[in-house]
Amino acid sequence: MIQHLFETYTVSNVALVFALALYLVGFFIALLVDSYMDKVHKRALIAIIALIASLIVQNIWEDALAAQEAYSPMRVYVAAYGYIIRPLILILFIFIVEFKKHYIAIAIIAFNTLVYATTPFTKLAFYISEGNHYIGGPLRYICLISSIVLMAYLVFISFRNYKLQSWRDILLPLYNVAIIVLGTLLDGTVGGLRQSVTFLTISMVIASVLYYRWLHMQFVQQHENDFAAEQRIQIMMTQIQPHFLYNTLSTIQALCMTNPQQAYEITGMFGKYLRKNIDSLEQSELIPLNDEIQHAKVYSDIEKVRFPDIEVEYIIEDGDFNLPALTVQPLVENAIRHGIRNVENGKVTVTAKKAPGAHIITVTDNGKGFVVDSAQKSGTHIGMKNVMERLEKMCGGTMKINSVKDKGTAIIIRIPD
């Protein structure tokens, strides 16, 4: 009965091919107007569309050759092409998610291609009998196994490369795996019956469109996160600079009445600092560590005038690297203002040392300390959060906070080489 349906309802077959063609055309148009994907990703997706279109043509051609009573050598080559193309579509999606050399995936593709490219001569995967019947060889399942392994690897690197917001984000990739497996099972159930377009090809068309949609959602989310982080950076920059300038000028103003000579010296030092660092203060770009340390020293020296009991020590053993502007200075400022300002014998120590594969900066104090989890939940210590985000976004750095109430705080920054 199933065979009767496949051989009788030719209009349905035409309608199916027409629907798949519309899917691919819509896919192509959506890709052209997508403003979130770069040219490399778009080119890879256009290649996927072209391969899927050729796979549909291959299905129709092979079905026509299979319907003939006489054996045609062309059927072997047409069938082999289909088995070669299916895994290629999956590896293109892998390169879209993570553009690098995936040696295992490339090896799988190479072996699958070799098996089916030589099948007309070796009969390793299949051959066509004189009666025009398809007969599987010893490696008949190599395309199926290759596709399953590549699909599983695609899902794995997708989850590894994109920060999923919730469990709902995994539904589309898992659904794609399910429909490809279902298409394969249906093709196996149909067996030798005629198929103008295989279930697996239909599944791959739908999965490709859905996977593109999933990738688009991830790119949009990443773009929004980057934009929000950049906005926070700019807001933080505009907030810190006036605050720093105001405190400095207020200190100088007070010293003009009590110690004009010291006011003169601090004004000169501050002016020299501004001349060297104003550009880096206005830009969200990496600057040398020495410039950032000078920035921190200006702040700490001025604060020491206002609070003579505090001590700030700088131990710089490794200074030959760059980092985001306003990284160390806000941490020193935070340690002084919230940690040691009202503590007897308060001290802040800033160190920079080289470690294997990284540069390590620590800012420690013996001040009041705080409960890290509570501070993060309440939204206080926003300066630390801003520093952490800029380190991650701008240079792949990390920041770890250790603090004990009434004992002090240690902040460890790690910047990769």
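Q: Which residues touch the most other members of the largest nonpolar core?
A: They are Leu45, Ile48, Ile89, Phe93 and Leu215, out of 43 residues in that core. A nonpolar core is a set of buried Ala, Val, Leu, Ile, Met, Phe, Trp, Tyr and Cys residues joined through side-chain atoms within 4.5 Å. Buried means under 20% relative accessible area, exposed over 50%, and partly exposed in between (1.4 Å probe, protein chains only).

Q: Which helices each supply at least two residues of this core?
A: Helices H2 (10-33), H3 (39-66), H4 (74-97), H5 (103-117), H7 (142-161), H8 (171-190) and H9 (199-258) each do so. H9 gives the most, with 11 residues. Helices (H or I, at least four residues) and strands (E, at least two) are DSSP runs, numbered from the N terminus.

Q: What kind of model is this?
A: This is a predicted model, in which local features need pLDDT of at least 70 and side-chain atom pairs count only at pLDDT 80 or more, while totals for chains, interfaces and linings use all residues. Residues are numbered from 1 along each chain as its sequence is written, and side-chain values use heavy atoms, with hydrogens and water left out.

Q: Back to the core: what is Phe93 in contact with?
A: Leaving aside neighbours within four places in sequence, Phe93 is in contact with Leu45, Ile48, Leu154, Ser208, Tyr211, Tyr212 and Leu215. Contact means heavy atoms within 4.5 Å.

Q: And Met204, buried or exposed?
A: Met204 is buried, with a relative accessible area of 5%. Met204 has its place in helix H9 and touches Ile52, Leu55, Arg86, Ile89 and Leu90, not counting residues up to four places away in sequence. The C-alpha atoms of Met204 and Val177 are separated by 9.7 Å, the two residues being 27 apart along the chain.

Q: At what angle do H3 and H4 pack?
A: The angle is about 160°, with the axes of H3 and H4 9 Å apart. Axes are lines fitted to C-alpha atoms, for helices over the stretch in contact, and angles run from 0 to 180 degrees between N-to-C directions. H3 and H4 are therefore roughly antiparallel to each other. Angles under 35 degrees count as roughly parallel, over 145 as roughly antiparallel, 65 to 115 as roughly perpendicular and the rest as oblique.

Q: Now H11 and H12: why are they roughly parallel to each other?
A: Helix H11 (residues 289-306) and helix H12 (residues 328-340) pack at an angle of about 25°, with their axes 8 Å apart, and they are therefore roughly parallel.

Q: Which residues of H11 and H12 meet?
A: Leu289, Glu292, Ile293, His295, Ala296, Tyr299, Ser300 and Glu303 in H11 meet Val328, Gln329, Pro330, Val332, Glu333, Ile336 and Arg337 in H12.

Q: Where is Leu326?
A: Leu326 is in the loop between strand S5 (322-324) and H12. Its phi is near 55°, a positive value in a residue other than glycine. Leu326 is buried, with a relative accessible area of 0%.

Q: Is Asn345 buried or exposed?
A: Asn345 counts as exposed, at 60% relative accessibility. Asn345 lies in the loop between H12 and strand S6 (347-355), and it has a positive phi of about 55° although it is not a glycine.

Q: How many helices and strands does the chain have?
A: The chain has 14 helices and nine strands. Buried residues make up 44% of its 417 residues.
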